Amino acid sequence: MFELAFYWSLSFSQFFDVRRKDFIEMFIHHLTTIALLSFSWTCNLTRCGALVLIVHDFSDIFLELAKMFHYAKLNAPCDIIFGIFVVAWILTRLGIFPTWILFSATIEAPQMVEMFPAYYIFNGLLSVLLVLHVIWTYFILKIAFHAVLAKKDEELRDSRSDSEDDTVTVSESDHEVVPDLNKEDRTVDDASFTKTNDCT
């Protein structure tokens, strides 16, 4: 019941929050989750519904924790927790969910119990969740890939300086390379500045 109330509130508050790229997918997810929770409660499929909730909520813990570290500007713990989240997401939502829960609900259950119309709707909604998982996994892996590339790019830029005095700073907003001209005795000629900007 708490989860049902939570997803009802998310489905309404989503229209007042910052509009994100996956707005449609999130709205479909909220409606699907509300329907699944309702069907599992009214059709006495609470065991399957509870398993789906556990599998989904497990990786969400790490996502919210990574967000907290990100907002606190603690990048190292954020990266570690985000890595744990990616592994947990793939294991639970693309591993356990389709191979254990969805397989059991669609293939094994019809051999044990009599089927009824709501059962097919329930399995259809579980399949919609799986499609959303695949879409979001693409987004998550894309973010992880870009984060790893950005770190390697920063390391490459740092290793290109000739000595410890020739430092280059990377602005956090857009990863633009900016020469460090804070020292008064430093002069930057056009050739070295062009060479530094070539690695962007």
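## A look at a predicted helical model

Let us begin with one helix and a quick check. Helix α2 runs over residues 23-42, and at 1.5 Å a residue its 20 residues should span 28 Å. The C-alpha atoms at its ends are 29 Å apart, which agrees with that expectation. Keep in mind as you read that this is a predicted model.

Which residues of α2 are buried? The list holds Phe23, Glu25, His29, His30, Thr32, Thr33, Ile34, Leu36, Leu37 and Ser40. After α2 comes Asn44, and its phi is positive, near 60°.

**The overall plan**

Now step back to the whole chain. The protein has six helices and two strands, and along the sequence they follow the pattern α-α-α-α-α-β-β-α. Of its 200 residues, 28% count as buried. The accessible surface comes to about 13,600 Å², and 66% of that belongs to carbon and sulfur atoms. If you take the contacts between residues at least 6 apart in sequence, 62% of them join residues at least 24 apart.

**How confident is the prediction?**

The mean pLDDT of the protein is 75, with 71% of its residues reaching 70 or more. Over residues 158-200, however, the pLDDT is below 50, and this stretch has 36 contacts in the model beyond near neighbours in sequence. Where pLDDT is low, the predicted coordinates should not be read in detail.

**Two salt bridges**

How many salt bridges are there? The count comes to two. Here they are side by side:

| Salt bridge | Closest N to O distance |
|---|---|
| Arg93 and Asp60 | 2.9 Å |
| Glu64 and Lys67 | 3.8 Å |

Take the pair of Arg93 and Asp60. Arg93 lies in helix α4 and Asp60 in helix α3 (residues 46-71), so this salt bridge ties together parts that are 33 residues apart in sequence. Are the two partners buried or partly exposed? Arg93 has a relative accessible area of 3%, which is under 20%, so Arg93 is buried. Asp60, at 22% relative accessibility, counts as partly exposed.

The pair of Glu64 and Lys67 sits within one helix. Both residues lie in α3, three residues apart, and that is about one turn of the helix. Glu64 is partly exposed, with a relative accessible area of 42%, and Lys67 is also partly exposed, at 34%.

**A glycine in α3**

Helix α3 also contains Gly49. With a relative accessible area of 11%, Gly49 is buried. Where does Gly49 stand relative to Phe39? The two are ten residues apart along the chain, and their C-alpha atoms are separated by 8.7 Å.

**A nonpolar patch on the surface**

Finally, look at the outside of the model. Ile90, Leu94, Val134 and Leu141 make a nonpolar surface patch of about 290 Å². Which elements give two or more residues to this patch? They are α4 (75-112) and α5 (117-159). One of the patch residues, Leu141, is found in helix α5. Its relative accessibility is 41%, so Leu141 counts as partly exposed.

Helix α4 has now come up in two places: α4 gives residues to the nonpolar patch, and α4 holds Arg93, the partner of Asp60.

Note on methods:
Residues numbered from 1 in each chain as written. Predicted model: local features only at pLDDT ≥ 70, side-chain atom pairs only at ≥ 80, totals over all residues. Heavy atoms only, no water. Helix = DSSP H or I, 4+ residues; strand = E, 2+ residues; numbered from the N terminus. Expected span 1.5 Å × (residues − 1). Buried < 20%, exposed > 50% of the residue type's maximum accessible area, 1.4 Å probe, protein only. Patch = residues over 30% accessible without salt bridge, like charges linked within 9 Å, V, L, I, M, F, W, Y side chains within 5 Å. Areas by Shrake-Rupley, 256 points an atom, 1.4 Å probe, with all protein chains shown as cover. Salt bridge = Lys/Arg side-chain N within 4 Å of Asp/Glu carboxyl O. pLDDT = per-residue confidence, 0-100. Contact = heavy atoms within 4.5 Å.
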